[in-house]
Each structure stands twice: as structure tokens, then as C-alpha cells.
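Welcome! Please take a moment to look over the sequence and the model below, and then we can walk through them together.

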Amino acid sequence: MNTGSDEASGPAAATDGTGSEPGAKPLGSRAPEFIQARRALHLSWQVGVFVVGLAVVVAGIIMLPLPGPGWLVIFGGMAIWATEFVWAQLVLRWTKRKVTEATQKALDPKVRRRNIILTTVGLVIIAVLVGIYVWKFGLEMPWNIKQ
């Protein structure tokens, strides 16, 4: 259960790698050792990872209103960034935790029953409104109705 302390703990609480996720990897760069050993090479590696991740995230944002897996592509770009940047690793850990909490909540029998009841009531209301419209106007489109 979220008590609102996530914001208070900040990144310092997650840097030890002993978060609530079992087997969580320590935060930091995942670049090969020979790249990390040379500052200029490591900086250019980070720029390359950032540019590739940015291209993937932008493609995902473009896919949001268009057909395509927009959110999946955006999280893919975040995963690319998370190979090199701590802030992206923290965002992905937070996202995974929230998705897991939402999944557990959605699988709760009481919540599922409530959602099924609300969906059924909504569908009945829509069916009644469509029935009234068809009874009053027939199968005529609203823009063709002359009064």
C-alpha cells in the first residue's frame, strides 16, 4: 500500500540496490568496462545512448494518437536510457512497482466484481438510450433528421 512516502524517500533510498524488488540490480551505468575506463569514450557512449533512447521515445509519442504500440515503445526507450542513466532506472523501477500494484488490485475479486457491475450498468444505459433514439427517429443518422 502506498503511504505517500515514495516521494519523501527520493533517489537516495533506491541507490543501495536493496529496494523492495528481489534481485534488483544496482543503479548506474551498464556500459562495458573498457568504455567506462575512458572518460571521453564513456561520454560519447552516453550521448549515443541518449540519442537512441530519445528517438525511440519520440517514435512512441508519435504512435500515441496513431495506430501502434505507443506506450510500449515509450517504455522501450526508457529501458534504453536505463542502461546508462540512474534517473531512468528509478523511473522504470517506480513504473514496475505501480504496474504490479495495479495488477494486484485489478485481480482482487471485489474490484473485479465492481468493475463488471459498473460495465454492465453502463452498457444497459447505452442500450436504453440507443433504443429510445431508434424508437423516436428510426435508423436515421442525427445529421439527416429534419424537424
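**A walk from the core to the surface**

Eight residues make up the largest nonpolar core: Val 49, Val 57, Met 78, Trp 81, Ala 82, Phe 85, Ala 88 and Leu 92. Helices α3, α4 and α5 (86-106) each contribute at least two residues to this core, and α4 gives the largest share, with three residues. In soluble globular proteins, nonpolar side chains tend to be buried together. Keep in mind as you explore that this is a predicted model.

Let us pick out one core member. Which residues does Leu 92 touch, leaving aside those up to four places away in sequence? Leu 92 touches Phe 75, Met 78, Ala 79 and Ala 82. Of these, Met 78 and Ala 82 are also listed in the core.

Now step back to the whole chain. The protein chain has six helices and zero strands, so from the N terminus on its elements read α-α-α-α-α-α. Buried residues account for 19% of the 147 residues. The chain exposes about 11,100 Å², and carbon and sulfur atoms supply 71% of that area. Among the contacts with a separation of 6 or more, 48% are between residues 24 or more positions apart.

Next, turn to the aromatic rings. The structure holds five aromatic pairs. One of them is Phe 50 with Trp 81, a stacked pair measuring 5.4 Å centre to centre with 15 degrees between the planes. This pair links distant parts of the chain, with Phe 50 in helix α3 (residues 39-63) and Trp 81 in helix α4 (residues 70-82), 31 residues apart. The two partners sit in unlike surroundings: Phe 50 counts as partly exposed because its relative accessibility is 35%, while Trp 81 counts as buried because its value is 7%.

Why does the pair of Phe 85 and Trp 87 count as stacked? The ring centres of Phe 85 and Trp 87 are 6.2 Å apart and their planes meet at 25 degrees, so the pair is stacked. Here too you can look at each partner in turn: Phe 85 is buried, with a relative accessible area of 16%, and Trp 87 is partly exposed, at 42%. Ring pairs join Phe 50, Trp 81, Phe 85 and Trp 87 into a cluster. Two members of this cluster, Trp 81 and Phe 85, belong to the nonpolar core as well.

The other two, Phe 50 and Trp 87, lead us outward to the surface. There, a nonpolar patch is formed by Leu 43, Val 47, Phe 50, Val 51, Leu 54, Val 58, Ile 62, Leu 66, Trp 87 and Val 91, with about 850 Å² of accessible area together. Helices α3 and α5 each supply at least two residues of the patch, and the largest share, seven residues, comes from α3. Val 58 is a patch member placed in helix α3, and it counts as partly exposed because its relative accessibility is 37%.

Let us finish with charge. Side chains of opposite charge can pair when their charged atoms come close. How many salt bridges are counted here? The count comes to one salt bridge. Glu 101 forms it with Lys 98, and the closest N and O atoms are 3.7 Å apart. Both residues lie in helix α5, three residues apart, about one turn of the helix. Glu 101 counts as partly exposed because its relative accessibility is 31%.

How values were computed. Residues numbered from 1 in each chain as written. Predicted model: local features only at pLDDT ≥ 70, side-chain atom pairs only at ≥ 80, totals over all residues. Heavy atoms only, no water. Phe/Tyr/Trp six-rings, centres within 6.5 Å; stacked < 30°, edge-to-face > 60°. Helix = DSSP H or I, 4+ residues; strand = E, 2+ residues; numbered from the N terminus. Buried < 20%, exposed > 50% of the residue type's maximum accessible area, 1.4 Å probe, protein only. Contact = heavy atoms within 4.5 Å. Areas by Shrake-Rupley, 256 points an atom, 1.4 Å probe, with all protein chains shown as cover. Core = buried A, V, L, I, M, F, W, Y, C linked by side-chain atoms within 4.5 Å. Patch = residues over 30% accessible without salt bridge, like charges linked within 9 Å, V, L, I, M, F, W, Y side chains within 5 Å. Salt bridge = Lys/Arg side-chain N within 4 Å of Asp/Glu carboxyl O.
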